[in-house]
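Please open the structure in a viewer and keep the selection tool at hand. The tour below proceeds stop by stop, stating what to select and what is found there.

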Amino acid sequence: MILFPAIDLKSGECVRLKRGEMGEATTYNADPAAQARAFADMGFTWLHMVDLDGAFAGESRNGAAVEAVLAAAGDRLKVELGGGIRSMAQIEAWLEKGVTRVILGTAALRDPDLVKDAAGQFPGRIAVGIDARDGKVAVEGWAETSDMEAQDLAKSFEDAGVAAIIYTDIERDGVLAGINWEATIALAEHVSIPVIASGGLASMADIVRLTMPDAASLEGAITGRALYDGRIDPDAALQLLNAL
């Protein structure tokens with residue numbers, strides 16, 4: 001069970017949003033590379049990173065900050081990156097720069113063949129980000145909500161070789177409301193692709209919940225605001241999850 005600390009990039013800084021609203025950004029560190037080193041020092045082995053500006057623009061906008069994080073992380077952290085990555089050239093470029101896993105979100109809905117081609121070309125290195133509002137997939141930095149059910153989109157990649165699905169409940173993201181366990185576990189049981197829970201992790205109670213038998217179908221969970229605000233004790237959390 002992997003706990004992924006999150007770095008969301010806006011204007012080169014490490015921020016957290018509430019429900020994906022860019023106007024609801026709280027800056028936690030103006031130096032994302034320093035934040036990555038701090039996470040590595042805490043004992044984390046993975047880092048979840050999103051270029052928020054890129055997600056809205058449809059192309060990478062915080063490339064310098066991402067590269068600084070990759071340089072700081074070295075071989076201490078595996079990095080998964082999403083936000084505005086919508087072409088094979090972009091995927092290849094980030095993998096070559098040291099990203100362990102590329103996350104495709106909007107592209108998964110708009111260009112599913114890209115996901116399948118990339119997953120075939122780069123086994124184990126492509127994840128699908130499914131962000132849902134009331135069970136429906138949202139895209140373009142969550143600015144648009146489609147008619148596609150999250151479970152249906154996930155199922156469409158069942159045999160594509162996708163490494164993981166990162167499932168975010170938008171209404172819970174950044175507001176410390178707790179993970180939507182029912183929807184997340186239902187998705188994990190619906191597909192054979194490993195599922196990572198995202199959005200709403202609020203306290204050590206959620207970490208303990210990850211140790212329950214029905215959560216065993218999950219690969220892990222992403223923590224953002226709760227970790228930054230000190231609501232999660234990283235030592236205690238990692239000790240609990242590493243014991244599974």
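Begin with helix α4, where Ala89 and Glu96 are exposed on the side away from the buried residues. The model is a predicted one, and the tour should be read with that in mind.

Next, select Gln90, Ile91, Trp94 and Leu95, which are the buried residues of α4. Looking down the helix axis, one finds them within an arc of 130°, so they line one face of α4. An α-helix has 3.6 residues a turn, so residues three or four places apart point the same way. To see what lies over this face, display α3, β5, β6, α6 and β7, which are among the elements that cover the buried residues of α4. Then step past the end of the helix to Gly98, which follows α4 and has a positive phi near 120°.

Remain on α4, which spans residues 88-97, and select Glu92 within it. Is Glu92 buried, partly exposed or exposed? With a relative accessibility of 28%, Glu92 is classed as partly exposed, because buried means under 20% and exposed means over 50%. Setting aside residues up to four places away in sequence, Glu92 touches Gln121 and Phe122. Now add Val102 to the selection: its C-alpha atom is separated by 9.2 Å from that of Glu92, and the two residues are 10 apart along the chain.

Now bring α6, residues 112-121, into view beside α4. The two helices pack at an angle of about 35°, and their axes are 10 Å apart. The crossing of α4 and α6 is right-handed. Which residues meet where these helices pack? From α4 come Met88, Ile91 and Glu92, and from α6 come Leu114, Asp117, Ala118 and Gln121.

The next stop is strand β7, residues 126-133, in which 7 of the 8 residues are buried. Three pairings can be followed from this strand.

- Select β6, residues 101-104: it pairs with β7 in the parallel sense over 3 bridges, and Val102 stands opposite Ile126 of β7.
- Select β10, residues 164-169: its pairing with β7 is also parallel, with 6 bridges, and Thr168 of β10 is the bridge partner of Asp131.
- Select β8: this strand pairs with β7 in the antiparallel sense over 3 bridges, and Ala138 of β8 is a bridge partner of Asp131.

Zoom in on the connection from β7 to β8, a hairpin with 2 residues between the strands. Asp134, in this turn, has a positive phi of about 55°.

Continue along β8, residues 136-139, to β9, residues 144-149; these strands run antiparallel and are joined by 3 bridges. Ala138, already met as a partner of Asp131, also stands opposite Thr145 in β9. This second hairpin has 4 residues between its strands, and Glu140 takes a positive phi near 55° there.

From here, move to strand β5, residues 78-82, and select Glu80. Glu80 is buried, and its relative accessible area is 0%. What joins the side chains of Glu80 and Arg101? A polar contact of 2.9 Å links them. To display the surroundings of Glu80, leave out residues up to four places away in sequence; the residues it touches then include Phe4, Trp46, His48, Ile103, Ile166 and Ile222.

Select helix α1, residues 32-42, and highlight its buried residues: Pro32, Ala33, Gln35, Ala36, Phe39 and Ala40. They cover an arc of only 160° around the axis, which puts them on the same side of α1. Around these buried residues, show β1 (2-10), β2 (13-18), β3 (21-29), β4 (46-51), α3 (63-73) and α10 (225-228), against which they pack. Just after α1 comes Gly43, with a positive phi of about 110°.

The final stop is helix α8, residues 181-190, where Ala186 is located. Ala186 has a relative accessible area of 30% and is partly exposed. Apart from neighbours within four places in sequence, Ala186 is in contact with Gln151 and Trp181. Finally, locate Lys18: its C-alpha atom and that of Ala186 are separated by 24 Å, and the two residues are 168 apart along the chain.

Technical notes: Residues numbered from 1 in each chain as written. Predicted model: local features only at pLDDT ≥ 70, side-chain atom pairs only at ≥ 80, totals over all residues. Heavy atoms only, no water. Buried < 20%, exposed > 50% of the residue type's maximum accessible area, 1.4 Å probe, protein only. Arc of directions from axis to C-beta. Contact = heavy atoms within 4.5 Å. Polar contact = N/O pair within 3.5 Å; in protein donor to acceptor, adjacent residues only side chain to side chain. Pairing = 2+ DSSP bridges. Axes fitted to C-alpha atoms, helices over the stretch in contact; angles between N-to-C directions. Left-handed = near helix turned anticlockwise from the far one by under 90°.
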